Amino acid sequence: MKKLSGKTALITGGSSGIGLATARLFRDEGARLVITGRNPDSLARAQEELGSDTLVISSEAGNLEEIDSLMAQVKARFNELDILFVNAGIVKPTPIEEVSESQFDEIMGVNFKGVFFAIQKALPLFSANASIIATTSVTNQKGVPLFNVYAASKAALRSLVQSLGVTLISRGIRINAISPGPIFTPMFDSLGLPDDLLQTRKREMALKSPIKRFGMPEEVAKAALFLASDDSSYMLGEQIVVDGGVSLL
Ligand SMILES: NC(=O)c1ccc[n+]([C@@H]2O[C@H](COP(=O)([O-])OP(=O)(O)OC[C@H]3O[C@@H](n4cnc5c(N)ncnc54)[C@H](OP(=O)(O)O)[C@@H]3O)[C@@H](O)[C@H]2O)c1
């Protein structure tokens, strides 16, 4: 028996990296899928890979009107939602002096505000036994230079998962988080670093990790499947760290 047979899952940021690997695994485990992203090329590639049964929607994660429209489209196609993986996120490493108000608002808007309102606006859609998973980051518990706003957005999200864990369980909804360490996804390529510096940074990060390598998105997807399925039926408000031991140092 497949773990997600008959379930409908919405994955934000499902067109790339961790979200796309999770979409593949959820599909293989029998789920009906809705994924979101912004880049039209990534969305088209994801549609081709996941198949025409998957509803692929361009939706800005920090925009409340677009979240409303997203939920309306999910309702129209599937009526109910069993799994919400609020995974879309952005990182913009910046020295403190150079953080502008608009950059601050953008990071908090996508990584925290957008997640809160996606959950709020999905509430009327959830089935009687639903699971929400949020993607935080190991930076939510570490001091990481240049990641001040990003890390704080993920710490706020970690806190939200705890309070919503208590708030939502009376509706039959469990919420948990996954906290990834360095994972090999296109996110690093979007940091705007010159290629040689990017490769050096990646090597340094891998060598600093106890496991001496980056994680693969598929390794995070397995944790998402555990939290999405009834295998984690007694867990709520928790965070699973998938980081090759980075946060132990
Ligand atoms: N990779 C890591 O090492 C790592 C570590 C810790 C935590 N995380 C977290 O993991 C999550 C997934 O990241 P990833 O590594 O898989 O990165 P990724 O490959 O860059 O994927 C990010 C996904 O989020 C979407 N997205 C980003 N901003 C969006 C916005 N404003 N509106 C709608 N969609 C948006 C992207 O779509 P578009 O490309 O179309 O915008 C893409 O589908 C993020 O929350 C990230 O913070 C990653």
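**Close-up 1. The ligand and the residues around it in the predicted model.** Of the 30 residues that surround the ligand in this predicted structure, those that come nearest are Ser16, Arg38, Asn39, Tyr150 and Thr185. Sorted by class, the shell around the ligand comprises twelve nonpolar and 15 polar residues, together with three that are charged.

**Close-up 2. Backbone atoms that face oxygen atoms of the ligand, with Asn39 as one of the residues concerned.** A polar backbone atom of Asn39 is placed 2.5 Å from an oxygen atom of the ligand, and a backbone N or O atom of Ile183 lies 2.8 Å from an oxygen atom of the ligand. For Gly13, the separation between a polar backbone atom and an oxygen atom of the ligand is 3.4 Å. The ligand taken alone would expose 880 Å², and the protein buries 92% of that area. Two or more residues of the shell around the ligand are given by each of two elements, namely helix H1 (17–28) and helix H5 (148–168).

**Close-up 3. Val34 within strand S2.** Val34 belongs to strand S2, which covers residues 32–37, and this valine is buried, its relative accessible area being 0%. Between the C-alpha atoms of Val34 and Thr8 the distance in space is 7.8 Å, although 26 residues set the two apart in sequence. Five of the six residues of S2 are buried, so this strand is largely enclosed by the rest of the structure.

**Close-up 4. Strand S2 and its parallel pairing with S1 and with S3.** Strand S1 (residues 8–11) is joined to S2 by four bridges, and the two strands run parallel. Within this pairing, Ala9 has Leu33 of S2 as its bridge partner. The connection leads from S1 through H1 to S2 and forms a right-handed β-α-β crossover. Strand S3 (residues 55–58) likewise pairs with S2 in the parallel sense, over four bridges, and here the bridge partner of Gly37 is Ser58 in S3. The chain passes from S2 to S3 by way of helix H2 (residues 40–50), and this β-α-β crossover is right-handed.

**Close-up 5. Ala134 within strand S5.** Ala134 is part of strand S5 and is buried, with 0% relative accessible area. The C-alpha atoms of Ala134 and Asn87 are separated by 5.8 Å, while the two residues are 47 residues apart along the chain. Eight of the ten residues of S5, which spans residues 126–135, are buried, so the strand is largely enclosed by the rest of the structure.

**Close-up 6. Strand S5 and its parallel pairing with S4 and with S6.** Strand S4 (residues 81–86) runs parallel to S5 and is joined to this strand by five bridges; in this pairing Val86 stands opposite Ala134 of S5, the alanine described above as buried. Together with helix H4 (residues 101–122), strands S4 and S5 make a β-α-β unit that is right-handed. Strand S5 also pairs with strand S6 (residues 173–180), in the parallel sense and over six bridges, and Ile133 stands opposite Asn176 of S6.

Methods:
Residues numbered from 1 in each chain as written. Predicted model: local features only at pLDDT ≥ 70, side-chain atom pairs only at ≥ 80, totals over all residues. Heavy atoms only, no water. Near = heavy atom within 4 Å. Polar contact = N/O pair within 3.5 Å; in protein donor to acceptor, adjacent residues only side chain to side chain. Areas by Shrake-Rupley, 256 points an atom, 1.4 Å probe, with all protein chains shown as cover. Nonpolar A, V, L, I, M, F, W, Y, C, P; charged D, E, K, R; others polar. Buried < 20%, exposed > 50% of the residue type's maximum accessible area, 1.4 Å probe, protein only. Pairing = 2+ DSSP bridges. Right-handed = clockwise from strand over helix to strand, strands pointing away.
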